[in-house]
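This report describes selected secondary-structure elements and the nonpolar packing of one protein chain. The sequence and coordinates are shown first.

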Amino acid sequence: MKPAPFQLHIPSTLEEAVGLLSQHGEEAKVLAGGQSLVPLMALRLARYEHLVDVNRIAALQGIAREGGWLTIGAMTRQTTAEAHRDVALVPLLHQALPLIGHFQIRNRGTVGGSTAHADPASELPAVALALDAEMVIHGPAGGRVVPAREFFVSTWTTGLKPDEILTAVRYPVWPGHCGFALEEFARRSGDFAIAGVACGLEVDQDGDVARAAIAYFGMAPTAVRASAAEAALVGSPARGADLAEIARLAASNTDPGDDIHGSAGFRRRVAAHLTERALERALRESIHA
Ligand SMILES: Cc1cc2nc3c(=O)[nH]c(=O)nc-3n(C[C@H](O)[C@H](O)[C@H](O)COP(=O)(O)OP(=O)(O)OC[C@H]3O[C@@H](n4cnc5c(N)ncnc54)[C@H](O)[C@@H]3O)c2cc1C
């Protein structure tokens with residue numbers, strides 16, 4: 001199928017793009033890499049009268065280190081980020097990027113597009129949530145910064161207003177003795193994950209867990225943190241932690257759906273195994289960091 005007719009706008013500045021979004025309201029949508037929006041429109045699952053193509057806006061490009069943060073411009077292609085030296089400073093992002101679809105998709109798909117699309121089965125929203133990343137947003141009233149915990153609302157729904165553009169994602173670079181692991185289960189390489197988890201752990205000088213982050217994708221209507229399991233880990237000796245029990249607790253506090261790929265119970269069992277494996281990897285790395 002082909003999309004319903006629409007008018008394509010190609011602004012060259014952020015102000016121009018925001019102006020177009022304000023002018024056309026709910027009838028308009030930002031077009032980034034098109035890897036999610038175009039299939040949705042072609043299948044007539046979504047219909048917009050106006051597409052605002054932001055590919056030529058230079059202010060949305062680039063990767064920069066600023067203090068303890070790595071800032072990635074929203075229009076940075078996923079393959080560009082994947083190949084960038086500084087992205088290794090954020091190991092969860094580094095591990096997640098190659099798992100998004102196929103090379104051809106990542107060659108067009110953008111970091112901001114995947115984040116703004118907020119598919120519950122996507123890797124990047126879970127990474128942003130796990131790391132407490134910040135969303136840099138621009139709209140008619142100027143700029144604002146929204147923490148990841150407030151940004152992801154539900155399936156394909158974020159805190160972005162119709163006339164706002166996500167301009168960058170700011171990922172904190174964790175200092176100290178840290179380890180990170182992302183694990184996912186998909187039927188075939190390149191498919192969306194049936195269940196996945198992103199874990200980060202920091203161990204202090206005494207060998208206790210100082211910080212824990214466990215975020216799921218494919219396990220709820222949006223990416224979710226396993227807060228109770230994180231709290232159970234923090235303060236306990238890293239080497240003595242019962243990771244299988246922590247993983248079971250984490251996976252039990254999710255809200256996955258039933259579909260042709262698996263029941264909710266199946267997803268929880270898979271998620272518990274993935275979590276245990278990810279925590280083991282993250283812990284090993286943090287102890288040796
Ligand atoms: C076969 C296939 C397999 C895939 N597998 C995976 C996978 O395993 N994991 C995964 O995460 N994704 C997967 N994807 C989706 C892919 O990663 C997309 O690249 C990504 O979801 C959207 O990025 P995009 O730049 O193409 O955004 P677009 O498709 O252009 O836009 C997506 C949505 O985000 C909005 N948007 C985009 N950029 C901005 C911005 N800067 N500000 C405000 N709103 C914005 C758009 O308006 C639209 O609603 C797959 C896609 C395909 C076709």
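Helix 7 is followed by Asp132, which has a positive phi near 55°. The model is predicted, and the values below are computed from it.

**Helix 7 and the nonpolar core**

Is helix 7 largely enclosed by the rest of the structure, or is it left open? Of its 9 residues, 9 are buried, so helix 7 is largely enclosed by the rest of the structure. The buried residues include Glu123 and Pro125 as well as Leu124, Val127 and Leu131.

The largest nonpolar core has 40 residues, and Leu93, Met135 and Tyr171 have the most contacts inside it. At least two residues of this core come from each of several elements, among them strand 5 (69–73), helix 4 (91–96), strand 6 (134–139), strand 10 (165–172) and strand 13 (209–217). Helix 7 gives the most, with 7 residues. Domain 2 (58–172) and domain 3 (177–288) both contribute residues, so this core lies between them. Apart from this core lies another one of 27 residues, including Ala181, Ala212, Leu279 and Ala282.

Met135 has a list of contacts beyond four places away in sequence. Among them are Thr115, Ala128, Arg144, Phe151, Phe152, Leu166 and Val169.

**Strand pairing**

Strands of a sheet pair through backbone hydrogen bonds, in either the parallel or the antiparallel sense. Two pairings in this model are listed here.

| Strands paired | Sense | Bridges | Residues standing opposite |
|---|---|---|---|
| Strand 2 (28–31) and strand 3 (50–53) | parallel | 4 bridges | Leu31 and Asp53 |
| Strand 11 (177–185) and strand 12 (195–203) | antiparallel | 9 bridges | Glu183 and Val197 |

The parallel pair belongs to an open sheet formed by 3 strands in the order 1-3-2. Which strands stand at the edges of this sheet? Strand 1 (7–9) and strand 2 (28–31) do; each has a single partner strand, so one side of each is left without a neighbour in the sheet. From one strand to the next, the twist averages 25°.

Strand 11, in the antiparallel pair, has 7 of its 9 residues buried, so strand 11 is largely enclosed by the rest of the structure. Strand 11 also supplies at least two residues of the 40-residue core.

Key. Residues are numbered from 1 along each chain as its sequence is written. This is a predicted model: local features need pLDDT of at least 70, side-chain atom pairs count only at pLDDT 80 or more; totals for chains, interfaces and linings use all residues. Side-chain values use heavy atoms; hydrogens and water are left out. A nonpolar core is a set of buried Ala, Val, Leu, Ile, Met, Phe, Trp, Tyr and Cys residues joined through side-chain atoms within 4.5 Å. Buried means under 20% relative accessible area, exposed over 50%, partly exposed in between (1.4 Å probe, protein chains only). Domain bounds come from an automatic or database domain assignment. Contact means heavy atoms within 4.5 Å. Two strands pair if DSSP finds at least two bridges between them. Axes are lines fitted to C-alpha atoms, for helices over the stretch in contact, and angles run from 0 to 180 degrees between N-to-C directions.
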